[in-house]
Amino acid sequence: MRISVITLFPDIVEAYLNCSILGRARQKNLFECQTVNLRDFGHGKRKQVDDRLFAGTHGMLLQVDVIWQAYLASLKWQCENITNQELKTEIADCISKLQTNLTDIEFINLASKLADLITQVQIKLFYLSPKGLTFNQATAEAFAQAEHLIFLCGHYEGIDSRVLKIMPWQEISLGNFVLTGGELAVLAMIDASLRLVDGVLPAKEAYSNESLYNGVLETEQFTQPANWHGLAVPEVLTNGNHKLQTAYKQQSSLEETYTKRPDLFNKIVWQTEDLTTFIQHLQAKLKQDTDNEV
């Protein structure tokens, strides 16, 4: 997997991706990451990348021509390991021509052709924006299967809207809130996706039993001490009966979802037997809690 991140703050991205689990995965070449610094394509001595809005009030917008150059730089790197030589040559030819003097019509036509070509080679582009569809576990699973991902991190008031007209970016959001830049959001998305890539975590079980992977929340979990100020770990988890422990964890997972995320619980498609078992679990839990109070 190759990931490009276009950003004003490459150090933030690099620091996170070079530490802990993701850092070790990167050292093993389980993924590659390129950070493209927008400043490298800025104007003048100050490397200006933004300007005031037309008919706007406060804030600055990242400029379309600066993002365009960063976009081409990320495509060049992404295309290095494309196996379809014919498409690879076509893309390289497009990029080369787009950096020459062209008429407006020639430029627009070539830019459109380039967008079609990168779609054919499955290079996916995402702009971090509160206007986009919300990232979720299903998105993470899709990203984990991708070979080429390019992310654009906005800053200030965002980007010139022409960026979205001339380049095939899809807008994507981490949630219904606004950050000062896209870096934190893109790192959350990359982290959530990479941990699903084979070899990043020790085994599939390290993530397949976690919250949201199967549409429900993870079971309650405990470690030592087994009894802390009278708060004891459920006996079933310490008695060594793996069959009973598995059954308990399944019911505990459903209970966590029922109490904490009713929106997820209401989407569960039940078999009659499974629903009956869960109701019995809740009844037994209620009785136990009542007995403990007495």
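# Exercises on a two-domain predicted model

The centres of domain 1 and domain 2, taken over C-alpha atoms, are 42 Å apart. Keep in mind that you're working with a predicted model.

**Exercise 1. Find which residue ranges make up domain 1 and domain 2.**

Solution. Start with the domain assignment of the protein: it gives domain 1 as 2-205. Domain 2 then covers 213-293. Now go back to the distance, and you can place 42 Å between the two centres.

**Exercise 2. Work out whether the residues of strand β1 are buried or exposed, and which way they point.**

Solution. Step one is the count: 6 of the 6 residues of β1 are buried, so the strand is mostly covered. Step two is direction. Arg-2, Ser-4 and Ile-6 point one way. Ile-3, Val-5 and Thr-7 point the other way, and these are buried too.

**Exercise 3. Do the same for strand β6 (residues 148-152): are its residues buried or exposed?**

Solution. Count again: 5 of the 5 residues are buried, so β6 is largely enclosed by the rest of the structure. Then split the strand by side. His-148, Ile-150 and Leu-152 sit on one side, with Leu-149 and Phe-151 on the other. Both faces of β6 are covered.

**Exercise 4. Trace the strand pairings: which strands pair with β1 and β6, and over how many bridges?**

Solution. Take β1 (residues 2-7) to begin with.

- β1 and β2 run parallel and are joined by 6 bridges. Look at Thr-7: its bridge partner in β2 is Asn-37.
- β1 and β6 also pair in the parallel sense, over 5 bridges. Here Ile-3 stands opposite Leu-149, and Ser-4 stands opposite Ile-150.
- β5 (residues 123-134) runs parallel to β6, with 5 bridges between them. Ile-123 stands opposite His-148 in this pairing.

Put together, β1 pairs with β2 and with β6, while β6 pairs with β5 as well.

**Exercise 5. Explain why the buried residues of helix α2 are on the same side of the helix.**

Solution. First pick out the buried residues of α2 (residues 20-27): Leu-22, Gly-23, Ala-25 and Arg-26. They cover an arc of only 160° around the axis, which puts them on the same side of α2. A general rule helps here: an α-helix has 3.6 residues a turn, so residues three or four places apart point the same way. Next, ask what this side meets. The buried residues pack against α1 (10-17), β2 (32-37) and α8 (183-194). Just after α2, look for Asn-29, which takes a positive phi of about 65°.

**Exercise 6. Find which residues UniProt lists for "binding site", and which of these are in the lining of the second largest pocket.**

Solution. Begin with the record. The unreviewed UniProt entry lists Gly-154, Leu-174, Gly-175, Asn-176, Phe-177, Val-178 and Leu-179. Of these, the lining of the second largest pocket includes Gly-154, Leu-174, Gly-175, Phe-177, Val-178 and Leu-179.

Now zoom in on two of them. Phe-177 is in the loop between β7 (170-173) and α8, and its 45% relative accessibility makes it partly exposed. Leu-179 is found in the loop between β7 and α8. With a relative accessible area of 36%, Leu-179 is partly exposed. Leaving out residues up to four places away in sequence, Leu-179 touches Leu-184 and Ala-185.

**Exercise 7. Decide whether Ser-253, Gln-137 and Gln-280 are buried or partly exposed.**

Solution. You need one cut-off: buried means under 20% relative accessible area.

- Ser-253, in helix α10 (residues 242-260), has 11%, so Ser-253 is buried. Not counting residues up to four places away in sequence, it touches Val-216, Leu-217, Glu-218 and Thr-219.
- Gln-137, in helix α6 (residues 137-144), has 21% and is partly exposed. Its C-alpha atom is 9.5 Å from that of Met-189, with the two residues 52 apart along the chain.
- Gln-280, in helix α12 (residues 272-293), has 48% and counts as partly exposed. Gln-280 and Gln-251 are 29 residues apart in sequence, and 9.8 Å apart from C-alpha to C-alpha.

Key:
Residues are numbered from 1 along each chain as its sequence is written. This is a predicted model: local features need pLDDT of at least 70, side-chain atom pairs count only at pLDDT 80 or more; totals for chains, interfaces and linings use all residues. Side-chain values use heavy atoms; hydrogens and water are left out. Domain bounds come from an automatic or database domain assignment. Buried means under 20% relative accessible area, exposed over 50%, partly exposed in between (1.4 Å probe, protein chains only). Helices (H or I, at least four residues) and strands (E, at least two) are DSSP runs, numbered from the N terminus. The arc is that of the directions from the helix axis to the C-beta atoms. Contact means heavy atoms within 4.5 Å. UniProt positions are given in the numbering used here, feature names are shortened, and annotations may be inferred rather than shown by experiment. On a 1 Å grid over the protein atoms alone, a cavity is a set of points where a 1.4 Å probe fits but cannot get out, and a pocket is an open set with protein on both sides within 12 Å along at least five of seven lines; lining residues have an atom within 4 Å of a point. Two strands pair if DSSP finds at least two bridges between them.
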